[in-house]
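Good morning, and thank you for joining this group meeting. I would ask you to look at the sequence and the structure while I speak.

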Amino acid sequence: MGKYGEAFGNSFMGAVDWTWRSILFDVPWYTNYFWGLVLISLVVWGLELAFPWRKDQAIFRKDFWLDGFYMFFNFFVFSIAISGFYKVLEIFFLELDIAIDNVSLLDLKSLSPWMQLVIFFVVLDVVQWFTHILLHRVPMLWRFHQVHHSVKEMGFAAHLRYHWMENILYKPLKTFGIMILGGFEPEQAYVVHFVAIAIGHLNHANIKITWGPLKYIINNPVMHLYHHAHKLPEGKPGVNFGISLSVWDYLFRTDYVPEDSGAIELGFTGDESVPKGFFGQLGHGFGKSRSKK
């Protein structure tokens, strides 16, 4: 057990050190996810203020500060806390001789850098799209996802307001996506990270953007607003599951955008059962829930 404990400690302290160095601008700019997140957030918030879709929504909307805290908690605090566990799992699987090559379906190494990035982006997005569907259709997972859907006013920071258990689910499935690519991650993968953050922020922002004909490929705020709609088409546990891309919803007919006024109620039946504060939401989902989407 000694090597597992050492690996856990080294990974944990490494994550702490990297985050602290990022705050101090002591890492390459393209890997500085801390200030990258801050910059993207400020730009999208500025667009919200300059071109508000729902003009009666306050600058500091309902739960603005809670959602802002979630951004840094989920992306940094929780990632640091759990980094050691994933390192131990990595060593465990290596000892079991579970080779990535056994599940590899694609080989990107021979392709151009930009083609590598595009395929990397698309594969990870479809994995996340499928995971998102599971969060809505598996009752146990939906109880955790309720925290995200308890948002009553949309704004950029709502993008990263989600229960910490979603991190537990998304991380292994994202790793599976990389395994499909033979364990290969493009050198410029940071581009995909920042693009995904920007699209996610915009999707939740108080801005009316549809991207015109590109709406059938790229997700957008109008489409994603209906993902958060309180009233959904009868018999559907959810619609518009796309993360960065909308194409999967159009292909598998889970798309739904009946109008684009932006004046719809958000949430779900029974959303009053979700605690209003961060610490209450940490434990939400572990008990039986009668709430429905």
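I shall begin with the chain as a whole, turn to its aromatic pairs, and end with one helix.

Please bear in mind throughout that this is a predicted model. The chain contains 10 helices and 0 strands. Read from the N terminus, its elements therefore follow the order α-α-α-α-α-α-α-α-α-α. Of the 293 residues in the chain, 45% are buried. The accessible surface amounts to about 15,500 Å², and carbon and sulfur atoms account for 68% of that area. As to contacts between residues at least 6 apart in sequence, 75% of them join residues at least 24 apart.

Let me now turn to the aromatic residues. How many aromatic pairs does the structure hold? The count is 30. A pair of aromatic rings is described by two quantities, the distance of the centres and the angle of the planes.

I have chosen one pair as a starting point, that of Trp45 and Phe64. Their ring centres are 5.1 Å apart and the planes make an angle of 40°, a tilted arrangement. Trp45 belongs to helix 2, residues 33-50, and Phe64 to helix 3, residues 64-95, so this pair ties together parts that are 19 residues apart in sequence. Are these two residues buried or exposed? Trp45 has a relative accessible area of 19%, and because the cut-off for buried is under 20%, Trp45 counts as buried. Phe64 is buried as well, with a value of 9%.

Phe64 also pairs with Phe156. Here the centres lie 6.2 Å apart and the planes stand at 75°, so the pair is edge-to-face. Phe156 sits in the loop between helix 5 (139-149) and helix 6 (164-180), whereas Phe64 is in helix 3, so the pair ties together parts that are 92 residues apart in sequence. Phe156, like Phe64, is buried.

Elsewhere, ring pairs join several residues into a cluster: Phe69, Tyr70, Phe73, Phe78, Phe144, Trp164, Phe278, Phe279 and Phe286.

Finally, I come to helix 7, residues 189-204. At 1.5 Å a residue, its 16 residues should span 22 Å, and the end C-alpha atoms are 23 Å apart, which agrees. Which residues of helix 7 are buried? They are Ala189, Tyr190, Val192, Phe194, Ile197, Ile199, Gly200, His201, Leu202, Asn203 and His204.

That concludes my presentation, and I thank you for your attention.

Methods:
Residues numbered from 1 in each chain as written. Predicted model: local features only at pLDDT ≥ 70, side-chain atom pairs only at ≥ 80, totals over all residues. Heavy atoms only, no water. Helix = DSSP H or I, 4+ residues; strand = E, 2+ residues; numbered from the N terminus. Buried < 20%, exposed > 50% of the residue type's maximum accessible area, 1.4 Å probe, protein only. Contact = heavy atoms within 4.5 Å. Areas by Shrake-Rupley, 256 points an atom, 1.4 Å probe, with all protein chains shown as cover. Phe/Tyr/Trp six-rings, centres within 6.5 Å; stacked < 30°, edge-to-face > 60°. Expected span 1.5 Å × (residues − 1).
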